[in-house]
Amino acid sequence: MVDVLERPALRAEPPPEAHGPTGLLKWLTTTDHKVIGLSYTVTAVIMMVIGGAFAEIIRAQLASPNGTLVSLAQFNELFTMHGSVMIYLFAGPFAFGALANIIVPIQIGAPDMAFPRLNALSYWLYLTGSITMLSGFFTAGGAASFGWVGYAPLSNSLNTPGAGADLWIGGLLLTGFSAIFTGVNLVATIFYLRAPGMTMFRMPIFTWNLLVTAILILLAFPVLTAGLIMLYADRHFGTHIFSVAGGGVPVLWQHIFWFWGHPEVYILALPFFGMVTEIIAVFSRKPVFGYKGMVFATISIAALSLGVWAHHMFTTGVVLLPFFSMMSLLIAVPTGIKIFNWIGTMWRGEVWFSAAMLMALGFLVTFLIGGLSGVYLASPPLDFFTHDTYFVVAHFHSVVMALVMAGMAGLYYWGPKFTGYLLNETIGKVQFWFLFVGTQVFTLPLYLVGLRGMPRRVAIYPHDPQWKFLNDLSSVGAVLIGISTLVFVANLVYSWKRYPAGPNPWDGQTLEWFTTSPPPHHNFYRLPPIRSERPTWDYNHPEHRTVPHGPRNGDGA
Amino acid sequence: MKVEARFLLGLGLFFGLIGLVYWLWSGEDAGGVMLGAAMLLGFLPGSYYLYWSRRMDPRPEDDPAATPASGAGVVGAFPGSSIWPFTLGMGAFVTVLALVFGIWLLLPGLSLVAWALLGGVAESRRGGHV
Ligand code: HEM
Ligand SMILES: [Cu+2]
């Protein structure tokens, strides 16, 4: 069915009801962004659990220097697929496909995404891409085993023959197109479907961040897709793009991969920055401190992130060290502005330490640790010393575990909006403490063992008592993180349809809290006047309007 | 429309600048080309928006004083449900599997893709659900 949708002017009757098939056929044919977003959320969380299970096996193997839990070949598959599942199949899709899909259209007062059928296609490509990549485990040679970065020449057909590697490439082609289509959809939605009065500089920060993320997707993902096609051609059609033997350049793969790969880390991070911004503002009962500064910081981070790719290649000896070092260090400036603004938002607010807020604060602390170690790595002399050691592993695990906390904050905060039910707060806080403490116990020893020279991607290591102790500690942290996941699942089960949320359980500020939970088909029965970046707050607290009609927010024409 | 245009043009300009600096300084081509392409991705849609922002009145969503009523009217056509994205997705899936398990899979894969594309277009034309 096609609904030609008219914007409800001042009428209060409901928009057209959802019609069409029910049951399984409904899931297969839906084009509703909320249903698609929910499918994304569930699939991504399942991927997180799968990737997490790989991680627990890796940590169990490393708990003793000569672990025999898995074979060396299996270990290679495990760390490759752990990284691949977490980055390609969990973090990315969760960041821009799950909550973004559900929340962005509602935050700007849109009835759906701009291209609902394309949105559905994105999901199907994501699901089939994930299945493709994981099915490598069921082939004779096992899954891909060249690391999640697939470096040439290790990834050529001589060094890594077998279907697992090709399935990895195929899965990435599918999920890559999925991401590109989502990027197109988000940009079109944000540019064309905003409600009257929702100027660009009144959009919630989460929506702004998703816009910038979508642009980054469009800049970065096509490069990866092109690289994968070249890799496949090298493997099967006898081209020599990445092989010295035929006159190719192996390091070209690294250029291509990281030209996607570094923007990708911000494609992962920016949506979570956006979530945390909203959550901190709502639970401090204040507007976002330095709204425009926040927007420009996001844009600068994204712009700079395209010029830093070779900080992953410092030790190749063929990259322009000063350029990449300087650009990488510059990113710390807008990131610092953000951290300052987050603290400024809480400053003298009425802070409510809900589970979502705790998760957001956990993000803040953990991301700071990860970001600071990134600044170390951006300095070539320090990177020469730590590259390919556990220090790097610790750096990005601080960062991505921070993002996991932010994602959990997002689920506690927005889950009630799209399910209609709250999660249990006490269990949420228990989950937070397991997750937060577990993360630090897991990552901090890895920094130290990295500084003591332990290389990454090894299944066995020399019997050094220090290394052993630090590895054991890290494995304990991994267990705590695993427990936090179980606590989360327990919370889902316990809270199932138990605490009805109502439209606005947190006294929210942005448009999504104006409509019902879950929102109706096409999202809104009516819209409030939009006069600031906090329309719902202004409506509910007329005595504390944000900035009524002021030029500060009004120059967004 | 103006903010959208400036946003994209600004990004394009930035990528152009650092691309130029990088390419002249390093002499490495791959990065220069990729940054050049990034510049185009900012400029092409950016200049399109600039062109239109000069030729049309601000839309209600660009007007800080707009009321919900000023946006009344047709927003767009939104399909309530459609089987074609799923069909297309499965077609792409089978097509990609042909890269791994054999060229013969291209036949069912591409057939599904073609069928889904035709079906989807026909659905839009008819304005209804098949
Ligand atoms: C201030 C910001 C950051 C800086 C300066 C920075 C810097 C770096 C550098 C120089 C490396 C390469 C280390 C090496 O291999 O020797 C690195 C690795 C990495 N970073 Fe960051 N980083 C930052 C933020 C982030 C963020 C936000 C994420 C993720 C969301 C992230 C994820 C990663 C990953 C996944 C790797 C390892 C890739 C691999 O070799 O497998 N980083 N970072
Ligand atoms: Cu990087």
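Begin with the residues around ligand 1, where the shell divides by class into 11 nonpolar, 6 polar and 3 charged residues. Everything on this tour belongs to a predicted model, and each distance given below is a computed value from that model.

**Stop 1: the shell around ligand 1**

Keep ligand 1 selected and display its surroundings, which comprise 20 residues, with A:W148, A:D383, A:H387, A:H395 and A:R456 as the closest. Now look at the oxygen atoms of the ligand, starting from the side chain of A:W148, where an N or O atom is 2.9 Å from an oxygen atom of ligand 1. Move next to A:D383, which places a polar side-chain atom 2.5 Å from a ligand oxygen, and then to A:H387, where a polar side-chain atom also lies 2.5 Å from an oxygen atom of ligand 1. If you colour the shell by secondary structure, the elements of chain A that give two or more residues to it are helix 7 (250-284), helix 10 (355-377) and helix 12 (390-419). Of the shell, the largest share comes from helix 12 of chain A, with 5 residues.

**Stop 2: the iron atom**

Which residue is the only protein donor of the iron atom of ligand 1? Select A:H395, whose NE2 atom takes that role at 2.1 Å, and follow its backbone to see that A:H395 lies in helix 12 of chain A.

**Stop 3: the copper ion**

From the iron atom of ligand 1, turn to the copper ion (ligand 2), which is 4.3 Å away. The protein donors of this ion are A:H262 through ND1, A:H311 through NE2 and A:H312 through NE2, and they lie 1.9 to 2.0 Å from the copper. Along the chain these donors follow the spacing H-x48-H-H, a pattern that can be followed by selecting the three histidines in the sequence panel.

Are A:H311 and A:H312 buried or partly exposed? Buried means under 20% relative accessible area, so A:H311 counts as buried at 16%, whereas A:H312, at 22%, counts as partly exposed.

**Stop 4: two loop positions in chain A**

Select A:D32 next, in the loop between helix 1 (23-29) and helix 2 (33-62) of chain A. With a relative accessibility of 12%, A:D32 counts as buried. When its neighbours within four places in sequence are left aside, A:D32 is in contact with A:D112 and A:H521, so it is useful to display those two side chains together with the aspartate.

Then go to A:S145, which is found in the loop between helix 4 (116-134) and helix 5 (163-192) of chain A. This serine is partly exposed, with a relative accessible area of 26%, and, not counting residues up to four places away in sequence, A:S145 touches A:N76, A:E77, A:T80 and A:T160. For a sense of distance across the chain, draw a line between the C-alpha atoms of A:S145 and A:I36, which are 109 residues apart along the chain and are separated by 32 Å.

**Stop 5: chain A as a whole**

Zoom out and show chain A as a cartoon, in which 16 helices and 3 strands can be picked out. Taken along the principal axes, the C-alpha atoms of chain A fill a box of roughly 70 × 50 × 50 Å. A compact globule of 557 residues would have a radius of gyration near 24 Å, and the 23 Å of chain A agrees with that. Colouring by accessibility brings out the buried residues, which make up 63% of the 557 in chain A. Among contacts in chain A with a separation of 6 or more, 80% are accounted for by residues 24 or more positions apart.

**Stop 6: chain B**

Finally, hide chain A and look at chain B, whose secondary structure comes to 4 helices and 1 strand, with the elements running α-α-β-α-α from the N terminus on. The C-alpha trace of chain B spans about 55 × 50 × 20 Å along its principal axes. How does the radius of gyration of chain B stand against that of a compact globule of 130 residues? Such a globule would have a value near 14 Å, but chain B has 22 Å. In chain B, 45% of the 130 residues count as buried, and residues 24 or more positions apart account for 57% of the contacts with a separation of 6 or more.

Key: Residues numbered from 1 in each chain as written. Chains lettered and ligands numbered in written order. Heavy atoms only, no water. Near = heavy atom within 4 Å. Polar contact = N/O pair within 3.5 Å; in protein donor to acceptor, adjacent residues only side chain to side chain. Nonpolar A, V, L, I, M, F, W, Y, C, P; charged D, E, K, R; others polar. Donors = N, O, S within 2.8 Å, 3.2 Å for Na, K, Ca; no water. Buried < 20%, exposed > 50% of the residue type's maximum accessible area, 1.4 Å probe, protein only. Rg over C-alpha atoms; globule rule 2.2 N^0.38 Å. Contact = heavy atoms within 4.5 Å.
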